[in-house]
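Trainee: I would like a close look at a single part of this model. Please take one helix and what surrounds it.

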Amino acid sequence: MEKFKTLEILQKTPNSRVFHLYLNRPSHRNALSRDFFSEFPKALASLDQNPNVNVVVLSGVGNHFCAGIDLGTLGSISENSDSDDRGRGGEKLRRHIKYLQDAVTAIELCRKPVIASVHGACIGGGIDIVTACDIRYCTDDAFFSVKEVDLAITADLGTLQRLPAIVGYGNAMELALTGRRFSGSEAKQLGLVSRSFGSKEEMDEAVRLIAEDIASKSPLAVTGTKAVLLRSRDMSVEQGLDYVATWNSAMLLSDDLTEAISAYTQKRKPVFAKL
């Protein structure tokens with residue numbers, strides 16, 4: 001398996017179809033460096049293409065999930081836009097921002113569900129990442145901040161586009177304009193996370209069980225559900241229904257369907273082939 005400077009991939013349990021992807025710069029509170037933005041899409045693509053992977057759990061090594069973008073990375077952005085011609089400098093900066101955006105969007109492009117497991121700080125770029133994840137959990141004492149406004153930046157890696165659909169437009173506006181810190185408990189109240197836990201140990205065990213449960217289901221049905229939900233987000237109900245009808249016309253009649261029905265009638269656990 002490929003080695004990374006800013007990430008680590010682990011299969012904690014032999015034969016498990018749940019793989020763990022760790023943000024792995026604990027001495028920097030897992031701040032997002034230049035290397036991260038090149039490595040993260042590669043890591044997700046490798047997990048996506050690995051037939052042994054059904055679910056990905058994303059978390060941080062050390063005391064925090066992610067402290068946001070590394071200040072050195074911010075410095076490199078200003079260097080990237082340095083040009084005598086303002087128009088060419090702006091065009092170059094736009095391309096660089098799109099490159100950074102693509103690293104986060106790689107979560108959505110991964111066919112397998114990505115579950116965010118958050119403890120400690122989740123700030124700025126950390127919220128860009130978790131809002132792109134499919135399911136989110138945190139500890140009660142985790143803390144969040146849409147911090148970019150305090151650094152004189154309009155958040156541009158996905159939070160302003162994804163957060164309103166998760167917590168509501170008004171809540172997203174308030175959090176983005178104030179940059180205020182809010183707790184894991186409030187994140188649960190807002191709907192940013194599905195559940196918050198009293199300790200990291202409690203969260204880790206609950207997330208393990210949830211991930212293993214999802215991983216045991218038909219991979220065709222799971223990847224199809226993610227794909228259809230993501231596509232339907234940007235469609236009308238009528239367009240979404242048309243899309244899923246087309247999807248299922250290709251995917252519904254499968255060995256997984258036969259196995260699921262057989263297992264149900266025989267009162268046993270289904271066993272599905274790798275995807």
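Mentor: Lys267, just after α11, takes a positive phi of about 55 degrees. This is a predicted model, in which local features need pLDDT of at least 70, side-chain atom pairs count only at pLDDT 80 or more, and totals for chains, interfaces and linings use all residues. Residues are numbered from 1 along each chain as its sequence is written, and side-chain values use heavy atoms, with hydrogens and water left out.

Helix α11 spans residues 255–266; helices here are DSSP runs of H or I with at least four residues, numbered from the N terminus. Its twelve residues reach 16 Å from first C-alpha to last, close to the 16 Å expected at 1.5 Å a residue (1.5 Å times one less than the number of residues). At the start of α11, a side-chain oxygen of Ser254 comes to within 3.2 Å of the backbone nitrogen of Asp256.

Asp256, Glu259 and Ala263 are buried in α11 (buried means under 20% relative accessible area, exposed over 50%, partly exposed in between, with a 1.4 Å probe and protein chains only). These three cover an arc of only 65 degrees around the axis, which puts them on the same side of α11; the arc is that of the directions from the helix axis to the C-beta atoms. An α-helix has 3.6 residues a turn, so residues three or four places apart point the same way. The buried residues of α11 pack against α9 (219–233), contact meaning heavy atoms within 4.5 Å. The face turned away from the buried side carries the exposed residues Thr258, Tyr264 and Thr265.

Methods
Helices (H or I, at least four residues) and strands (E, at least two) are DSSP runs, numbered from the N terminus. A polar contact is a pair of N or O atoms within 3.5 Å; within protein, one must be able to donate a hydrogen and the other to accept it, and residues adjacent in sequence count only if both atoms are side-chain atoms.
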